[in-house]
Amino acid sequence: MNRAPRTVHSPRMSRPATGALIAIGILFASALQTGAAGATPQPAPSSSPSRLASFWTPERMRSATPLDLLPVKPGALSRAAVRSGAEHLVKPTKAGSAALPGLPGPTGLSGLDGLKGVLPQAGGPWTGGGAHVKTTGRVFFTYQGRQASCSGDAVTSANKSTVLTAGHCVKLKGAWHTNWVFVPGYHDGQAPYGKWAASKTLSTPQWTASEDINYDVGAAVVAPLDGKKLTDVVGGQGLAFNSGYNKQMYAFGFPAAAPYDGSKLIYCSGTTIKDPLLSKDHGLSCNMTGGSSGGPWFTSFNESTGTGLQSSVNSFGYQFLPNTMFGPYFGDDAKNLYTKAQSS
């Protein structure tokens with residue numbers, strides 16, 4: 001089995017109890033605001049792909065500060081329900097191939113049923129293989145002059161170059177991150193499948209305009225590397241939009257704050273809840289810490305193949321509710337973001 005339970009508690013930064021501290025370092029404002037819509041994608045890198053690959057040395061990657069630990073200001077929080085529509089599923093892809101046969105169609109999940117009897121897992125290293133070991137990776141970028149990190153995942157896309165992550169992992173405090181690279185399969189400072197530089201980063205309109213935590217979803221379109229496209233090299237996970245709440249899910253990421261160090265892939269699994277407090281997010285028992293933000297949440301995940309349907313990302317956790325991670329609901333706005341990214 002790939003489960004290795006942790007009993008330690010995820011540390012939280014201490015602040016006065018004037019708001020709910022969340023793992024990405026943002027405090028909810030006491031007066032909740034409605035996020036404005038409408039914004040355009042912005043370019044991310046400030047250097048060429050080759051220069052970024054040279055910049056992000058093993059030493060810089062190891063020392064990058066988890067974005068979750070950097071001080072930032074509060075974002076807005078909409079009271080409105082997340083916009084949703086019909087369920088929409090996207091099939092996973094193997095490296096160098098089209099969509100896998102026999103996987104989810106319009107009404108079913110044939111061939112992608114998760115293994116039974118393996119839930120829950122509140123946090124521990126993934127010690128096996130599977131497609132997700134290649135598609136999931138660390139994200140590195142410059143934020144306010146500092147080298148920072150998150151997590152991300154390569155997904156099936158028309159451009160074969162789309163990475164999903166958290167909104168705050170592409171833009172925060174009104175500024176788009178620079179020197180942005182995705183390192184799939186990262187471990188111990190190594191980049192076994194290369195360092196993929198973003199040619200464009202984008203987010204949902206609500207996060208772009210007002211950093212509304214309900215829409216903390218980001219995407220990057222990465223440039224080809226050595227003449228190859230991302231999912232031709234590592235494959236791409238499937239996606240599920242408008243798939244409902246209270247699902248069995250697996251969450252993955254590269255937490256870099258104690259008790260973790262960012263060197264390896266960590267996962268949690270269990271049945272999610274709908275946030276009963278301030279957001280419209282999914283909640284999952286999970287002790288991942290700073291640096292895991294943007295890592296994928298999968299429904300219909302199969303431990304033996306490492307394939308699933310991404311339906312959220314690691315986003316935040318309340319200070320007063322330790323060892324619980326929350327991730328945004330993938331509704332119509334997340335689907336539109338994905339459509340825009342894969343069309344770029």
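Buried here means under 20% relative accessible area, and Tyr338, at 4%, therefore counts as buried. That tyrosine sits in helix α6, which is a handy way into this predicted model. Overall, the chain has six helices and 19 strands, and 57% of its 344 residues count as buried. Take contacts between residues at least 6 apart in sequence, and 76% of them join residues at least 24 apart.

**The seven-stranded sheet**

- Seven strands make an open sheet with mixed pairing, and their order is β2-β12-β18-β17-β13-β14-β3.
- At the edges are β2 (88–90) and β3 (121–125), each of which pairs on one side only.
- From one strand to the next, the twist averages 30°.
- Strand β12 (residues 238–241) pairs with β2 in the antiparallel sense, over three bridges.
- One residue pair to look at there is His88, whose bridge partner in β12 is Phe241.

**Helix α6 and Tyr338**

- Helix α6 covers residues 332–342 and lies across β2 and β12, running at about 145° to β12.
- Tyr338, in α6, is in contact with Val90, Val155, Thr156, Ser157, Leu239 and Phe241, leaving aside neighbours within four places in sequence.
- Phe241, then, turns up twice: it is a contact of Tyr338 and the bridge partner of His88.
- A polar atom of the Tyr338 side chain lies 2.7 Å from the backbone oxygen of Thr156.
- Tyr338 and Thr162 are 176 residues apart along the chain, yet their C-alpha atoms are separated by 8.2 Å.

**Asp153, a buried charge with no salt bridge**

- Asp153 belongs to strand β5 (residues 146–154).
- Although buried, Asp153 has no salt bridge, and the nearest side chain of opposite charge, Lys134, is 12 Å away.
- What the Asp153 side chain does have is a polar contact with the side chain of Thr135, at 3.0 Å.
- Not counting residues up to four places away in sequence, Asp153 touches a mixed bunch that includes Thr135, Thr136, Thr162, Phe182, Gln237 and Phe298.
- Thr162 crops up again here: Asp153 touches this threonine, and its C-alpha atom is the one 8.2 Å from that of Tyr338.

**Salt bridges**

- The whole structure has three salt bridges.
- Arg83 and Asp333 form one of them through their side chains (3.3 Å, N to O).
- Because Arg83 lies in the loop between β1 (65–66) and β2 while Asp333 is in helix α6, this pair ties together parts 250 residues apart in sequence.
- The two partners differ in exposure: Arg83 is partly exposed, with a relative accessible area of 42%, whereas Asp333 is buried at 8%.
- Asp232 and Lys160 also form a salt bridge, with their closest N and O atoms 3.3 Å apart.
- This pair links distant parts of the chain, with Asp232 in helix α5 (residues 230–234) and Lys160, 72 residues apart from it, in the loop between β5 and β6 (162–165).
- Asp232 is partly exposed at 29% relative accessibility, and Lys160 is partly exposed at 31%.
- Glu211 and Lys171 form a salt bridge too, the closest N and O atoms being 3.0 Å apart.
- Glu211 is in the loop between α4 (205–210) and β11 (218–222) and Lys171 is in strand β7 (residues 171–172), so parts 40 residues apart in sequence are tied together.
- Both Glu211 and Lys171 are buried.

Terms used: Residues numbered from 1 in each chain as written. Predicted model: local features only at pLDDT ≥ 70, side-chain atom pairs only at ≥ 80, totals over all residues. Heavy atoms only, no water. Pairing = 2+ DSSP bridges. Helix = DSSP H or I, 4+ residues; strand = E, 2+ residues; numbered from the N terminus. Axes fitted to C-alpha atoms, helices over the stretch in contact; angles between N-to-C directions. Contact = heavy atoms within 4.5 Å. Buried < 20%, exposed > 50% of the residue type's maximum accessible area, 1.4 Å probe, protein only. Lys, Arg positive; Asp, Glu negative; His and termini not counted. Salt bridge = Lys/Arg side-chain N within 4 Å of Asp/Glu carboxyl O. Polar contact = N/O pair within 3.5 Å; in protein donor to acceptor, adjacent residues only side chain to side chain.
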